[in-house]
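Have a look at the model below with your bench notes at hand. Shall we walk through it together?

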Amino acid sequence: MGVQSIWLTVVVLVFVDSSLANPLLEGGITGRTLYQQNMKCGTRSAFKRITMSSPTGSGYSQSCEYTIRGYSTKVCQIRVDFFSMDLEQPRTTGAYAVCTGEYVTIEGMQFDLCGILRNQHVYVPFDVRRITDEMKINFQVNSNSYARWDMEINQIECNHKAALVTPDERQAPDGCLQYFHQAAGRVDSFNFGNVYYGNTRYAICFNRNYNENAMLELSEITFQMDGIGAPYFDDMCLNGASGDSKDYIAIPFAEVTNQDPHSLFCGDSLDGEDVIFYGTGPIVIHVNTDRQLANDETGFSFRYRIRP
């Protein structure tokens with residue numbers, strides 16, 4: 001009996017000690033609630049998941065700034081989901097459209113967002129351990145504005161930082177501004193249906209779920225890049241037929257319906273078509289917009305599916 005009692009005591013002690021391996025406590029945050037609803041302008045939050053909406057009422061003029069503090073030292077990314085956002089449309093500054101009237105600036109992102117966003121998201125690096133433990137999101141709103149936003153912030157704890165952190169399937173590969181981790185869904189360019197922002201470069205990434213043979217299928221495509229009313233591919237998206245225009249998306253050696261494989265797509269080259277990409281390695285679509293504004297630069301929208 002004595003031996004059995006000692007053995008039970010040891011088991012209990014080990015169990016209690018293992019419960020201290022809590023990323024929340026290791027990160028120096030003492031709160032235990034992981035979710036904060038409706039964060040207010042001008043405040044700070046270290047919660048793992050945060051929702052925020054525009055202030056109530058209309059006709060206000062203000063800068064609405066949110067400060068996000070690291071939830072734990074394992075955080076390396078912020079995912080920002082825009083369920084809806086209505087801000088002023090981009091303005092033509094110089095020769096291209098840019099967000100200068102009303103816009104949102106996300107610290108760590110290379111360009112601002114404005115116009116209309118529906119069910120859009122972005123990923124921003126937020127390396128709490130090595131770089132910074134705070135990042136800011138700032139809305140600039142004009143006088144007498146009817147600007148609205150409804151959004152959610154998720155702090156992503158990256159599984160390469162510590163074995164104690166449960167891998168988050170939403171963790172994006174490095175360098176991806178957008179990451180679609182589900183097997184199927186819809187992708188829209190920012191402010192789709194209106195003019196898209198000029199002078200941007202970013203990557204849209206897809207999860208192949210550890211399957212080296214997975215392929216990307218695109219369907220139900222609406223596509224108009226650089227305002228050219230004709231299908232152009234590859235070098236024609238860089239010079240010649242489209243002048244100095246360099247608005248395109250890049251999908252290396254993608255197969256288009258009844259076409260030879262191409263890598264760059266501009267004009268209306270993908271409008272109403274289907275696309276299949278069989279490439280190895282990361283599944284990425286690169287987006288490039290130039291510093292020239294043409295008529296009907298409305299962007300792209302498509303359904304995607306990852307097939308094994």
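What follows is a set of questions and answers on this predicted model.

Q: How many strands does the secondary structure of the chain come to?
A: Let's begin with the overall make-up. The chain has 308 residues, and 47% of them count as buried. Its secondary structure includes two helices. The strands come to 21.

Q: Among contacts between residues at least 6 apart in sequence, what percentage join residues at least 24 apart?
A: Here a contact means heavy atoms within 4.5 Å. Take the contacts in the chain between residues at least 6 apart in sequence; the share of these that joins residues at least 24 apart is 76%.

Q: What share of the accessible surface of the chain belongs to carbon and sulfur atoms?
A: The accessible surface of the chain comes to about 15700 Å². Of that area, the part belonging to carbon and sulfur atoms is 50%.

Q: How many disulfides does a search of the whole structure find, and what is the pairing of the bonded cysteines?
A: A disulfide is a covalent bond between the sulfur atoms of two cysteines. Searching the whole structure gives five disulfides. With the bonded cysteines of the chain numbered in sequence order, the pairing reads 1-2, 3-6, 4-5, 7-8, 9-10.

Q: How many residues apart are Cys76 and Cys158, which a disulfide joins?
A: The sulfur atoms of Cys76 and Cys158 are 1.5 Å from each other. Cys76 sits in strand S5 (residues 75–86), while Cys158 is in the loop between S11 and strand S12 (178–180). The pair thus links distant parts of the chain, with a separation of 82 residues.

Q: Is the disulfide of Cys76 and Cys158 left-handed or right-handed?
A: Both ends of this bond, Cys76 and Cys158, are buried. The torsion about their S-S bond is about -45 degrees, so the disulfide is left-handed.

Q: Is Glu157 buried or exposed?
A: Glu157 lies in strand S11, which covers residues 148–157. Buried means under 20% relative accessible area. The value for Glu157 is 7%, so this residue counts as buried.

Q: Which side chains make polar contacts with the side chain of Glu157?
A: One polar contact, of 3.3 Å, runs between the side chains of Glu157 and Lys48. Another, at 2.5 Å, joins the side chain of Glu157 to that of Ser72. The partners named here are Lys48 and Ser72.

Q: How many residues apart in sequence are the parts that Cys99 and Cys114 tie together?
A: Cys99 and Cys114 form a disulfide with sulfur atoms 2.1 Å apart. Cys99 lies in the loop between strand S7 (96–98) and strand S8 (103–106), and Cys114 in the loop between S8 and strand S9 (116–125), so the tied parts have a sequence separation of 15 residues.

Q: What is the relative accessible area of Cys114?
A: Its partner Cys99 is buried, at 8%. Cys114 is buried too, and its relative accessible area is 0%.

Q: In which strand does Cys266, the partner of Cys237, lie?
A: The sulfur atoms of Cys237 and Cys266 are 2.2 Å apart and form a disulfide. Cys237 is in the loop between strand S16 (231–233) and strand S17 (248–256), 29 residues from its partner in sequence. Cys266 itself lies in strand S18.

Q: What is the torsion about the S-S bond of Cys237 and Cys266?
A: Cys237 is buried at 0% relative accessible area, and Cys266 counts as buried at 0%. Their disulfide is left-handed because the torsion about the S-S bond is about -95 degrees.

Technical notes. Residues are numbered from 1 along each chain as its sequence is written. This is a predicted model: local features need pLDDT of at least 70, side-chain atom pairs count only at pLDDT 80 or more; totals for chains, interfaces and linings use all residues. Side-chain values use heavy atoms; hydrogens and water are left out. Helices (H or I, at least four residues) and strands (E, at least two) are DSSP runs, numbered from the N terminus. Buried means under 20% relative accessible area, exposed over 50%, partly exposed in between (1.4 Å probe, protein chains only). A polar contact is a pair of N or O atoms within 3.5 Å; within protein, one must be able to donate a hydrogen and the other to accept it, and residues adjacent in sequence count only if both atoms are side-chain atoms. A disulfide is a pair of cysteine sulfur atoms within 2.5 Å. Accessible areas come from the Shrake-Rupley method with a 1.4 Å probe; for residues, only the protein chains shown count as cover.
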